[in-house]
Amino acid sequence: MRFATWSSGGAVRAGVVSDLPDGTAGLHALPEGTTVLDLVRAGLPAALSAGEEALRGPAVPLGSVRLLPPLEAPTVRDFVAFEEHVEGVRKAIDGVAGVVDEWYQAPTFYFTNPYALVGAHDDVAVPPGSQRFDFELEVAVVVGRDGASLTPEQAREHVFGYTVLNDWSARDLQAREMKVNLGPAKGKDSATTLGPWLVTADELEPFRDDEGFLALDMRVSVNGTEVGQDLLSNMGWPFEELVSYASRGTEVRAGDVLGSGTCGNGGCLAELWGRRGEAAPPPLRPGDVVEMTVEGIGTIRNRVVEGVDLPPVRAARPRPRTRKRPA
């Protein structure tokens, strides 16, 4: 089942997506005041039951509304689970080839900004001061039940569903931050697209391969030209292990979003820059349209627009050399 959140006429509603006879999608509203996060917290069986009830109601044409992120995520973690991506981006950001040994030892993630989530067709502004704006093609898993220190086997029972994620990235800001061995921070927190909807885990089980990975085709284009294509099953770890690691020694809670990290083979521009030794294709500019499609989930499409023009950030003052408080 596919759950979506949308706005229309100043009101925000959540509901279920259906395929209409004319080949378009329809939206069937849940009871007023019910959110997708409410359904996630209620658990998959209850959510599916509520969805079946909603499907008996009238359909609103998808084209008549603005899609919002499928849910308001309490937290958003983003992993880096594709070896090919790590190899290319490291060369672009650090100028060093290869993958560090530490990448293979355990999944790595950072926390990103849950307040910066945008919808499947929203415009995305270039972050202030950035000249090397980039996209990242990912799939995100949504946790369906609270848990702590979960085994991978337990974690599979805590998965509610999946959505497409675009981790927009200011590569020039990111490169400076990561030289301080901290971050990324402002290089990543301007926007993260989630959408177009949240697909429940049962819908994607037919794509699971013999090693437990979801073999979904992933594609991204810029202005109609395909830039990257990969399989989600090329991840270094399946999603259950990412959820397990995120919960290690702490908690994950219903509604938490965990990104797969960017796929390889052109899942972002920086990977290609690293491999080619030049900024080709060029960084994103206002007017560019980035479209991502993941098999079994759907398509998101965002237009890049001008960002806010802000003054430069003030540099730090040199360290004072005094050791005593002035008299």
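This is a conversation between a learner and a teacher about reading features in a predicted model of one protein.

Biologist: Let's start wide. How many helices and strands are there in the protein?

Modeller: The model, a predicted one, has nine helices and 21 strands. The radius of gyration is 21 Å, close to the 20 Å that the globule rule gives for 327 residues, so the protein is as compact as a globular protein of that length. Along the principal axes, the C-alpha trace spans about 75 × 55 × 45 Å.

Biologist: Is there a record that marks out part of the chain, and which residues does the annotation cover?

Modeller: The UniProt entry, which is unreviewed, carries the annotation "domain: Fumarylacetoacetase-like C-terminal" for residues 76-305. In the model, that stretch is 22% helix and 33% strand, and its end C-alpha atoms are 24 Å apart.

Biologist: What about contacts: how much comes from residues 24 or more positions apart?

Modeller: Take the contacts with a separation of 6 or more: residues 24 or more positions apart account for 73% of them.

Biologist: And the surface? What share of it belongs to carbon and sulfur atoms?

Modeller: The accessible surface comes to about 15900 Å², and 51% of that belongs to carbon and sulfur atoms. As for cover, 50% of the 327 residues count as buried.

Biologist: How many positive and negative side chains does the protein have?

Modeller: You'll find 32 positive and 46 negative side chains. The centres of the two sets lie 13 Å apart.

Biologist: Now helices. Why do residues three or four places apart in an α-helix point the same way?

Modeller: An α-helix has 3.6 residues a turn, so residues at that spacing end up on a shared side. Then look at helix H8, residues 239-246, which is mostly covered: six of its eight residues are buried. The buried ones are Phe239, Glu240, Leu242, Val243, Ser244 and Ala246.

Biologist: Let me try a single residue. Is alanine 47 buried or exposed?

Modeller: Buried means under 20% relative accessible area, and alanine 47 has 0%, so alanine 47 is buried. Alanine 47 sits in helix H2, residues 44-55. Setting aside neighbours within four places in sequence, alanine 47 touches Met1, Phe3, Leu39 and Phe160. For a sense of scale, glutamate 136 is 89 residues from alanine 47 in sequence, and their C-alpha atoms are 30 Å apart.

Biologist: And proline 70, where is that found?

Modeller: In the loop between strand E5 (66-68) and strand E6 (76-79). Being in a loop doesn't settle the question of cover, so check the number: proline 70 has a relative accessible area of 1% and is therefore buried. Beyond neighbours within four places in sequence, its contacts include Phe3, Thr5, Val36 and Thr163. Leu194, Gly195, Pro196, Trp197 and Leu198 are also among the contacts of proline 70.

Biologist: Gly195 and Pro196 again! What kind of peptide bond joins glycine 195 and proline 196?

Modeller: First the general idea: most peptide bonds are trans. The bond joining glycine 195 and proline 196 is cis, with omega about -5°. Proline 196 lies in strand E15, residues 192-200. Another cis bond runs from alanine 280 to proline 281, with omega near -5°. Proline 281 is in the loop between helix H9 (269-276) and strand E20 (289-294).

Biologist: How should I read a positive phi?

Modeller: Most residues other than glycine have a negative phi. Serine 149 has phi near 45°, a positive value in a residue other than glycine. Serine 149 is in the loop between strand E12 (147-148) and helix H5 (152-156). With 45% relative accessibility, serine 149 counts as partly exposed. Asparagine 265 also has a positive phi, near 55°. That residue, asparagine 265, lies in the loop between strand E19 (257-259) and H9, and is partly exposed at 40% relative accessible area.

Biologist: Last one. Is arginine 321 buried or exposed?

Modeller: Exposed means over 50%, and arginine 321 has a relative accessible area of 58%, so arginine 321 is exposed. Arginine 321 belongs to the segment after strand E21 (298-305). The C-alpha atoms of arginine 321 and threonine 200 are separated by 59 Å, with their positions 121 residues apart along the chain.

Key:
Residues numbered from 1 in each chain as written. Predicted model: local features only at pLDDT ≥ 70, side-chain atom pairs only at ≥ 80, totals over all residues. Heavy atoms only, no water. UniProt positions renumbered as here; feature names shortened; annotations may be inferred. Helix = DSSP H or I, 4+ residues; strand = E, 2+ residues; numbered from the N terminus. Rg over C-alpha atoms; globule rule 2.2 N^0.38 Å. Buried < 20%, exposed > 50% of the residue type's maximum accessible area, 1.4 Å probe, protein only. Contact = heavy atoms within 4.5 Å. Areas by Shrake-Rupley, 256 points an atom, 1.4 Å probe, with all protein chains shown as cover. Lys, Arg positive; Asp, Glu negative; His and termini not counted. Charge placed at Lys NZ, Arg CZ, Asp CG, Glu CD.
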